[in-house]
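User: Please take a close look at the side of one chain that touches its partner, and then set it beside what can be said of the two chains themselves.

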Amino acid sequence: MKRRLIAALVVSLVLSASLLAAEKAAKLLGDESDGSRAHPIHRIPLFSESEKGEKGPQIDPDDPLAMPFSTRFTCGECHTYGAISKGWHFNSLDGNVPAGRPGEPWLYFNSKLGIQLPLSYRAWPGVHRPEQFGLSLAEFTKIFARHMPGGGPGEATPSDARARAEQYVSGKLEANCLACHNAHPGQDQGGADGYAIQVSKTNFRWAAAASCEFADVSGSVTDAGPTYDPFMPDETEEKAPRVSYDKKAFDAKGNVFMEIVRESPKQRCYFCHSDLFCGENDEKTEKWCADEDIHMTAGLTCVDCHRNGLDHNIVRGYEGETADSANPMAATTSCRGCHLGDENGNRETGGRLGAPVPLHKGIPTVHFERLTCTACHSGPWPTDKPVLAKTSRAHRLGTINVPKEPRVLPHVWAPVFVKEAVADPNGTAKIGPHKLVWPAFWGTVDANDCVAPVDLATVTKVVGTVLKDVPVVATGDWSELKEEQIGQVLKALGESGQQKPVYITGGMLFELNAAGAVTSRADHPAAAPYAWALAHNVRPAAQSLGVGKCTVCHSTNSAFFFGQVAVDSPVASVSSLTKTQYEFQKASHARTWFFAFSFLFRPWFKVVAIGATAVIGIVLLLYGLKALGAVARVLSEQE
Amino acid sequence: MFQTVAILALLVTFIGIALHWVLTPTGGPRCPLSGAVHVFSLLLIEQKSSLLGALKKLCYLVAMVCFLVLAFTGFWPTLVHGEHISGFLMYIHATFAPVFALCLAILAITWAGSNRFSFADAPWLTRLLRRVTRLRVPVDDRPWRCSLAVYKLAFWAILFLALPLVLSIVVSMFHLLGTDWQYFTLAVHRWISLVFAIAVIVHTYLAVRLRMACQE
């Protein structure tokens, strides 16, 4: 028995290794370009997934019980799906992929429960893994994959048998190639029956088909009966998901012309990567009153800089990315790479794509060592108080019924000038503009003073019961919490079996002392704000910080150093607090203020220094002439 | 590279001065402590000085203090930590720099006359010139005072170097130079400051030596 087991194991290992090698070796038709700059025509057959997870039959639009087409088996006919689905947009679950610079987390929020929690499968400091918060792969996908191009958690096989059974019905959320590469204006990511809605209905298998212009999906997995089997559909199951294809889209051979482009159009990227900044007095940077990124205005698209090959290991575009990424373009398609040359000082790569090589006249070189390019060139112009920002992924922009009030949760503040953590130990931490959230969640603290969030089900049950009478604010803002309510919740959590319950909000940790009273600790690491770099929109050079005068930043009231960042919290006593920008730059008040103050006298320094050198120069000239006279006198005696 | 060269150059300068001090002794206290007090006292303003003399000495002392501060704040982070000057050290450096430039300008006006070269400063040169060119170059037969000649040379070197030293930084504060030139002016400032510092050290040492020789 044991021998048989070992033999079977060896055979399966050899088989899987050879399969892997075969997949690596055998390039499919679309894996490598033949060099033509033209877009390949995609008049292709559509295939569904079979019950066994293999390639199913070709889609017949006349079949009333047709299955949704599978991108894995349709696109995978010519493109190695296995390689693509390991790309940056899909590989968050893979612990072997370097997390790289902290990026935008998925923000779970609930105004009434006082939660605003940054989640991610990537190992970014300050985020929590969804399973720590009690979210299964399917739950996480259902909530957040509306703004994902599929794959990743949506495609992973759960270890739990019940979850696997549920996945059999809902299907896997395959990488949706169309989300990025379909140039047809009918590609529907956020519409009434589009991709986002299908994901929220757990129609994972149907989501990609629903997003395209020639298929329509009705019904939902959640509404289907308990006996529903997608591979044995029953016509009487009216509420079950069903896809109907536009027959006109199919040619005589049953092929469909798809408007697939290699370079994703910017509108496709914008669905997940849009920002809206809400200033004071409800002033928003709406499209009609705001300029686009200068690169777009210049005629570039997102993928001109954010490039990838078949492996979809897309360039994120930050300095030092070469340490995290194997993409050979990582060094040359950052700001520095295009405008100045790559990180190794290869100037010949500078000026690519017509990028102007900046002279930075009068900017002391220390700025390039301490600041990211984006510090001066990107994001909204800094104001005395950073504004609330909305992002596609945090506020589900572009989907239906999005609340448009400026103060709707989650509260993301920008621009906050933060000193970044450096991946390279020899590198210098640079200051750059960031978006920032203040985590708020119910958690437990262990013996090492580490805080972990209490799972969502417990929070919903216990906290929801205690705070049931707290009114919901119509604007989507926080429902105000009082310290006594925090105390009641902490007590209830303790009674429900949570060890040492705490509440994190606004940079503070609330807990119960031995007497049962609420106490707070400031600046607990678990309560630290989570910030991620903001790179777009890039402003034109003439609108850079410091253009014309240094005092834009170097003055005692500059927004860059002395802007007041709101501390965000449902607790009134905390939300009235602010932090100054220099605190995020790890600078001291005295040093920052003194340096800014010195710029008042700087013109006089220049006058004195120039005057002194003029005097010294005149003395040197005078005595030089005298010396020349002496030489001339000696020479004249010869005559 | 600058770090290594600067450390070596300063070491050579100090070792040279120490050797010179030992090999060519002058009068004065033999005890190191009282010797140091004596040397320090030579730099102080004499009570018999005229008002102008006192002002010149005061200006010199302020310039010396400024030089020490500038040298410490400028060289310490670079030579010890291998970093660029930053933070409070930079603020102090930038604050003392214009004062130093001002003092240097005053010293240039008030000391230039007494530091003019004469034929007596290099009799060997005049003899050589007379022999080679057959010109009627006046020759001084007094023994050559090398220290005085080097002292004067150091003075003029200080003034000459002060121009690019100050201007290299001032010009970078205007919207004139791009990044490459900014790096160039910074390098100019750094390297000239090294030569300038050596010139000041030599000048100060010789000033003390000459004062001690006069007291004998």
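Analyst:

**The contact between chains A and B**

In this predicted model, 27 residues of chain A are in contact with 35 residues of chain B. On the side of chain A that touches chain B, the elements that give two or more residues are α21 (589-598) and α22 (602-638) of chain A. Of these, α22(A) supplies the largest share, 16 residues. Sorted by class, that side of chain A holds 16 nonpolar, 7 polar and 4 charged residues.

Turning to the partner, chain B has 7 helices and 0 strands, and its elements, read from the N terminus, run α-α-α-α-α-α-α. Buried residues account for 20% of the 216 residues in chain B. Among the contacts in chain B with a separation of 6 or more, 65% join residues 24 or more positions apart.

One of the helices of chain B can be followed in detail: α3(B), residues 51-80, has 30 residues and spans 42 Å from its first C-alpha to its last, close to the 44 Å expected at 1.5 Å a residue. Within α3(B), the buried residues include Ala63(B), Cys66(B), Phe67(B), Leu70(B), Thr73(B) and Gly74(B). An α-helix has 3.6 residues a turn, so residues three or four places apart point the same way. Just after α3(B), Gly82(B) adopts a positive phi of about 65°.

Away from the helices named above, chain A also offers a strand that can be described together with its partners. In strand β10 of chain A, residues 387-391, 5 of the 5 residues are buried, so β10(A) is largely enclosed by the rest of the structure. β10(A) pairs in the antiparallel sense with strand β9 (residues 275-278) of chain A over 4 bridges, and Phe277(A) has Ala389(A) in β10(A) as its bridge partner. β10(A) also pairs in the antiparallel sense with strand β11 (residues 412-419) of chain A, here over 3 bridges, and Leu388(A) stands opposite Trp413(A) in β11(A). In a regular strand the side chains alternate between the two faces of the sheet.

A loop position of chain A completes the picture: Gly341(A) is placed in the loop between α12 (335-339) and α13 (366-370) of chain A. Because Gly341(A) has 19 C-beta neighbours inside 10 Å, it counts as partly exposed, the cut-off for a buried residue being 20 or more. From Trp106(A), Gly341(A) is 235 residues away in sequence and 34 Å away in space, C-alpha to C-alpha.

Key. Residues numbered from 1 in each chain as written. Chains lettered and ligands numbered in written order. Predicted model: local features only at pLDDT ≥ 70, side-chain atom pairs only at ≥ 80, totals over all residues. Buried ≥ 20, exposed ≤ 12 C-beta atoms within 10 Å, placed from the backbone. Contact = placed C-beta atoms within 7 Å. Nonpolar A, V, L, I, M, F, W, Y, C, P; charged D, E, K, R; others polar. Expected span 1.5 Å × (residues − 1). Pairing = 2+ DSSP bridges.
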